[in-house]
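Biologist: Hi, I'm new to this one and a bit lost. Could you pick one part, go over it closely, and then tell me what sits around it?

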Amino acid sequence: MTSLLVIVVLVLLAVALWQLTRIFDLTQVGASSDDSQVASDNDNNVQGYVMFGFLAFIYIFTIYGLLKWGNLALHTPASEHGLLVDNLMNITWVLIFVVQFITQGLLYWFSFKNRGNKDKKALFFADSNKLEALWSIIPSVVLACLILYGLYAWNNIMFVDKDEDVIEIELYAQQFKWTARYAGEDNVLGKANVRLIEGINTLGVDMSDKNSADDIVVSELHIPKGKKVHFKMRSQDVLHSAYFPHFRAQMNCVPGMVTEFAFVPTYTTAEYRELPFMIEKVANINKLRAENSVKLVAEGGTALDPYTFDYLLLCNKICGASHYNMQMKVVVDTPEDYKKWLSEKTTLAQDIKAAKASEKPAEAVKGTSDSTIKDTVNAVVDTVAAAIAKVAMK
Amino acid sequence: MSAEAHGHDHGHDHEHEHHHKDTFITKYIFSIDHKMIAKQYLVTGIFMGIIGIAMSLLFRMQLAWPEESFKIFNVLLGDKFAPDGVMANDIYLALVTIHGTIMVFFVLTAGLSGTFSNLLIPLQIGARDMASGFMNMISYWLFFISAVIMLCSLFVEAGPASAGWTIYPPLSALPQAIPGSGTGMTLWLVSMAIFIASSLMGSLNYIVTVINLRTKGMSMTRLPLTIWTFFVTAIIGVISFPVLLSAALLLIFDRSFGTSFFLSDIYIAGEVLHYQGGSPVLFEHLFWFLGHPEVYIVILPAMGLVSEIMATNARKPIFGYRAMIMSVLAIAFLSTIVWGHHMFISGMNPFLGSVFTFTTLLIAIPSAVKAFNWITTLWKGNLQFNPAMLFSIGMVSTFITGGLTGIILGDSTLDINVHDTYFVIAHFHLVMGISALYGMFAGIYHWFPKMYGRMLNKNLGYIHFWITAVCAYGVFFPMHFIGLAGLPRRYYTNTNFPLFDDLQNVNVLITTFALVGGAFQLIFLYNFFSSIFYGKKAVQNPWKSTTLEWTTPVEHIHGNWPGEIPHVYRWPYDYSNPNHDVDFVPQNVPMKEGEEVLHH
């Protein structure tokens, strides 16, 4: 099917090309059979009109895009600062569209209007201080406003006051999985380092730190609506980026350091699902999935599950072959539900204790297998070293 | 008067300055003649461009029809990376990485700057050759070797480098993290180190030549804008490329000798590595200290070419010659202090983010000045729509479209949410990828007669431009929307996210445009290679241009001018000067008695 399509497209292209060459050839008729390969008056005329057509193409394509794909863009922000971000974004968009409309219009209009011919002489217009001052000053003023608004928003978003009442949560990134650690009752995360990773303590939490005892490790992120959540991010292997598109939040996770980002969620998952734009979006996605399912089933596959919206945390920094599948579900609860959910979780200390109790007998076996590998490696290294020494002696 | 001026240089074809015999090897291979070296750069650049663009078509197909089987994948990528014709996820990343590397460095830096700096600097300033022809030759051959090594890395067993063209460690440092970070990455680093050496030799040569070898009368304010941009580009290159070299060397140390410049506290594949105290953020700073100026290294020469071609074909002086020079200088200066806008969310102090937002948005001012000056140059012109002119107008168009979204990405607040999404891809492909490619095409169409003594077919040129123009917008315009939907770049497929299911149709459309646009580059290749041999013979000054390169004979000779080097009496943009009857006055025509200078 695809190959047939490709062939059809190629044939159509060939025909289109042939037709175009014909058109350009025909326009040469009468313009004296000159083949200097320098644009003739006729060329200028034809190309001038095509220029004008291209301007129409840009305008129409822009409008078509806005109508057809405009609603694909992220909609209502689900965080407090998201409103600020989207507001600045909208202002910037208005500016961009105005400038784009005018400059492209002038560019192609002048091209069309001033298409050359032999009888014309161009206007010698080398410079004008007034004009140049005009288009240095206007952008400067406009940009100054944007910069001021941008910096105001940036400072609001990025700096967390020390005495602010926040919930501390650690986001832990590894190839290709997210884990979250809650600070527990004391709201202070225990110290951690990858060198302390052992058994089910996969985050390397320092259990000798008194703040670690009540830490809770989970693989699904729950946060309460209306409360500032302060994320501390770590990575154990390569760079990752914690990207919450719906909350307008993103920060890289860097091995060897802790990065941070804080925001206040403003819609619970249930509320966000009920927003009109989201109902429409999900319906559309499910329509597409149903269509694909028909195709899949016809080919002997299984149908796709219908989709319900959930907030997501994605990895947005290339991190390895399965980068495209590094995600974690994010649930925004009401404060009561959040409290309830958290209270049902066991602390890391309890988890470790339980694991130790159940794994004691197995430990011995595991230990030996580990040491055998080590021994083999050591033996190989020794042999190689001896061989090198021998060669060196010679 | 100016008819006399025309005759001035025709008479002097009696003697060759440098009269020595050329063998095939000294003429075509180890040539020290800048014109031949320019052609070597161009052909190598085109060859690399074919590979780079072909790669993008492959991964675009995967994105439009994820995990579908295509025979061509199996043929090109082999059984290991495309079993049964389905592209594997690690080779997808490798293709993305090498596409970026090839296009940015090998095509748009060496292919563009290398070709036109070499060709035009001596010809337009009135010099017999580069300051050091030998170093120039070494520069090309180092570039060639680095290209060969980069291509060799495609064939190593674990695959080529696949950590993205930005090669952020630890991913690029640890073979455990991704297979491409083994031998493939080593070859990438070696290739780039050699490339940088080549680029530095070239740049030093350009700078020295422009400063020292200008002909009599060719003051800095009479230089064509092409030379100004090549000159400034070379300076940026000399300032920033060594920093990338040091980053590459330190990364080699980390990879091979166990140092910890960029690595710290890593647990991977079940073991803790010994690295401690390094920081990947340091690498990002070093990388982008080159990486950002690099985009100006790519776009400035294109701007120079476009300015020159536009003035010639509009039969009008470039508007605001001095403002153009000032804006190039301003862009060059600012370009070295904006690198942090790639790192707003890298974990560096947010205060730095504020500073970089400020400097980044400042760069929009000289860019706006340039765009408005180009548009004004078209106003009341007598536009000659040669293919080069179409590409120049197209370049201004994509530069504006792509540049405007820079206001979003350069603003740290807005960058938070579009960082590393397809929005970024759309932005930089338009503003520096497509724009620079258009600049390069414009340059090729315009100076082909100078390079090969023959003309390119204009009708094929028209078709090439219009299809490319439609397809370029068709590919990158819809990409803004999928970026705004939050789709991250460098995803092998987005089928694991039902959230993004509604973007799939757009992806198919983008890929269709890409395939058509890619296929139509064959027209250019055909035109280029057949015209070298069978094109219409060129006359000396086919575009009726004012600059010195068109005073040299069509046949290439060592030393460029058969007799004395012409002297320069006026600026390069005396088109439609009201003091003269003809619509162009070459730079080597003396001022008439009492003729006033009509520009600043």
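Modeller: Sure, one term to begin with: two strands pair if DSSP finds at least two bridges between them. Strands themselves are DSSP runs of E with at least two residues, helices are runs of H or I with at least four, and both are numbered from the N terminus. What you're looking at is a predicted model, where local features need pLDDT of at least 70, side-chain atom pairs count only at pLDDT 80 or more, and totals for chains, interfaces and linings use all residues. Residues are numbered from 1 along each chain as its sequence is written, while chains are lettered from A and ligands numbered from 1 in the order in which they are written.

Let's zoom in on the sheet in chain A. Five strands make up this open sheet, and going across you meet β4, β10, β9, β6 and β7 of chain A, in that order, with mixed pairing. At the edges sit β4(A), residues 221–224, and β7(A), residues 249–253, each of which pairs on one side only. From one strand to the next, the twist averages 25° (angles run from 0 to 180 degrees between N-to-C directions, with axes fitted to C-alpha atoms, for helices over the stretch in contact).

Now find β9(A), residues 311–315, and β10(A), residues 327–333: these strands run antiparallel, joined by four bridges. Look at Tyr311(A) and you'll see Val330(A) of β10(A) opposite. There's a helix on this sheet too: α7(A), residues 335–343, packs there and touches β4(A) and β10(A) (in contact means that C-beta atoms, placed from the backbone, lie within 7 Å). The direction of α7(A) makes about 140° with that of β4(A).

Elsewhere in chain A, an unreviewed UniProt entry lists residues 66–161 as "domain: Cytochrome oxidase subunit II transmembrane region profile" (such annotations may be inferred rather than shown by experiment). That span is 71% helix and 0% strand, and its end C-alpha atoms lie 40 Å apart.

And the neighbour? Chain B puts 115 residues in contact with 104 residues of chain A. On the chain B side, helix α17(B), residues 458–484, gives the most, with 13 residues. That side has 70 nonpolar, 32 polar and 13 charged residues (Ala, Val, Leu, Ile, Met, Phe, Trp, Tyr, Cys and Pro count as nonpolar, Asp, Glu, Lys and Arg as charged, the others, Gly among them, as polar).

Terms used
Contact = placed C-beta atoms within 7 Å.
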